[in-house]
Amino acid sequence: MSPTTIVVDAVLFDMDGTLIDSTPGLHKAWATFCADYNLGDPLEVVHETHGRRLYDTLKQYCRIDDEAKLQAEIDRFEEEVINGGPVVLPGVAALLSQLSSETTLGWTIVTSATANYAPRALQRCGIPLPPAGIVTSNDVSHGKPHPAPYLAGAAKCGVDAARCLVVEDAISGMRSGRAAAAQVLAVCTSTPRETIVKSDANPDYIVSNLAKVSVQWINGKVHVTIDEDE
């Protein structure tokens, strides 16, 4: 299959599972919370909650209604994930270096993580914050798969979401991007290709990781070349 090049106004990246991998810390945190709240198998909970806001998942699974306690538990959970040591995923450093070659607000990060956790995780992985800033779970009233996060991401870049490419690893995030009318690129860094294909996420493109993607700025537009796997 020959590489495909598309032209967009901005690229909107998910963070965890797309740019960085926090799997060890995430599993450790859910193991702790599953034990504390009698939630059963941590791996099952990890799978069921993937890509969603921690605010929503802890509220649902741990049945926490008190806002102060919920925030404290979010902080405790995220501290465990950070201590687990997130790492940058393949191809990310080169791709973001290409995007950062211009100061145009042509990219941002749209994450289900909090404003407390996201910058710390990115810094730990050596990933620069985009000039436009980032969108976290604190910035939207509805998390993925609702379109609100990616609509907010497009607004950060001052563009229409329909002229953006959303890059996601989670089914819920792909649904969010589609609902926002963006094109969607799926990376198989956490969700198997077969699962993505069989889902209702319907991404426009699927790659194994971001080493399969490159970008070039031409006349203020982002030309994205995608080398889809066979």
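In this predicted model, the side chains of Asp9 and Lys221 form a salt bridge, with N and O 2.5 Å apart. The two residues belong to distant parts of the chain, 212 residues apart: Asp9 sits in the loop between strand 1 and strand 2 (10–13), and Lys221 sits in strand 10. Asp9 has a relative accessibility of 16% and is therefore buried, the cut-off being under 20%. Lys221, at 32%, counts as partly exposed. The pair is also part of a network of salt bridges that links Asp9, Arg163 and Lys221.

**The antiparallel sheet**

Lys221 leads to the sheet that contains strand 10. Three strands make up this open sheet, in the order 1-10-9, and their pairing is antiparallel. Strand 1 (4–8) and strand 9 (213–218) are the edge strands, each pairing on one side only. On average, neighbouring strands here are turned by 25° against each other, direction ignored. Strand 9 and strand 10 (residues 221–226) run antiparallel and are joined by six bridges. Lys221 of strand 10 is the bridge partner of Ile218. Lys221 thus has a bridge partner in Ile218 and a salt-bridge partner in Asp9. Helix 5 (residues 92–99) packs on this sheet, where it touches strand 9 and strand 10; the direction of helix 5 makes about 5° with that of strand 9.

**The parallel sheet**

A second open sheet has five strands in the order 5-2-6-7-8, with parallel pairing. Strand 5 (107–109) and strand 8 are at its edges; each has a single partner strand, so one side of each has no neighbour in the sheet. Neighbouring strands of the five-stranded sheet are turned by 20° against each other on average, direction ignored. Strand 2 and strand 6 (residues 164–168) run parallel and are joined by four bridges. Phe13 stands opposite Val167 of strand 6.

Helix 5 packs on this sheet as well, touching strand 2 and strand 5, and its direction makes about 145° with that of strand 2. Helix 5 therefore has contacts with strand 9 and strand 10 of the three-stranded sheet and with strand 2 and strand 5 of the five-stranded one. Helix 8 lies across strand 6 and strand 7 (183–187), and runs at about 165° to strand 7.

**Salt bridges**

How many salt bridges does a search of the whole structure find? The search finds twelve. Side chains of opposite charge can pair when their charged atoms come close. Three of the pairs are tabulated here.

| Salt bridge | N to O distance |
|---|---|
| Asp9 and Lys221 | 2.5 Å |
| Arg175 and Asp200 | 2.7 Å |
| Arg178 and Asp204 | 3.0 Å |

Arg175 lies in helix 8 (residues 171–179), and Asp200 lies in the loop between helix 9 (193–198) and strand 8 (205–207), so their salt bridge ties together parts that are 25 residues apart in sequence. Arg175 is partly exposed, with a relative accessible area of 36%.

Where do the partners Arg178 and Asp204 lie? Arg178 is in helix 8 and Asp204 is in the loop between helix 9 and strand 8, 26 residues apart. Arg178 has a relative accessible area of 36% and is partly exposed. Asp204, at 34%, is also partly exposed.

Conventions:
Residues numbered from 1 in each chain as written. Predicted model: local features only at pLDDT ≥ 70, side-chain atom pairs only at ≥ 80, totals over all residues. Heavy atoms only, no water. Pairing = 2+ DSSP bridges. Axes fitted to C-alpha atoms, helices over the stretch in contact; angles between N-to-C directions. Contact = heavy atoms within 4.5 Å. Salt bridge = Lys/Arg side-chain N within 4 Å of Asp/Glu carboxyl O. Buried < 20%, exposed > 50% of the residue type's maximum accessible area, 1.4 Å probe, protein only.
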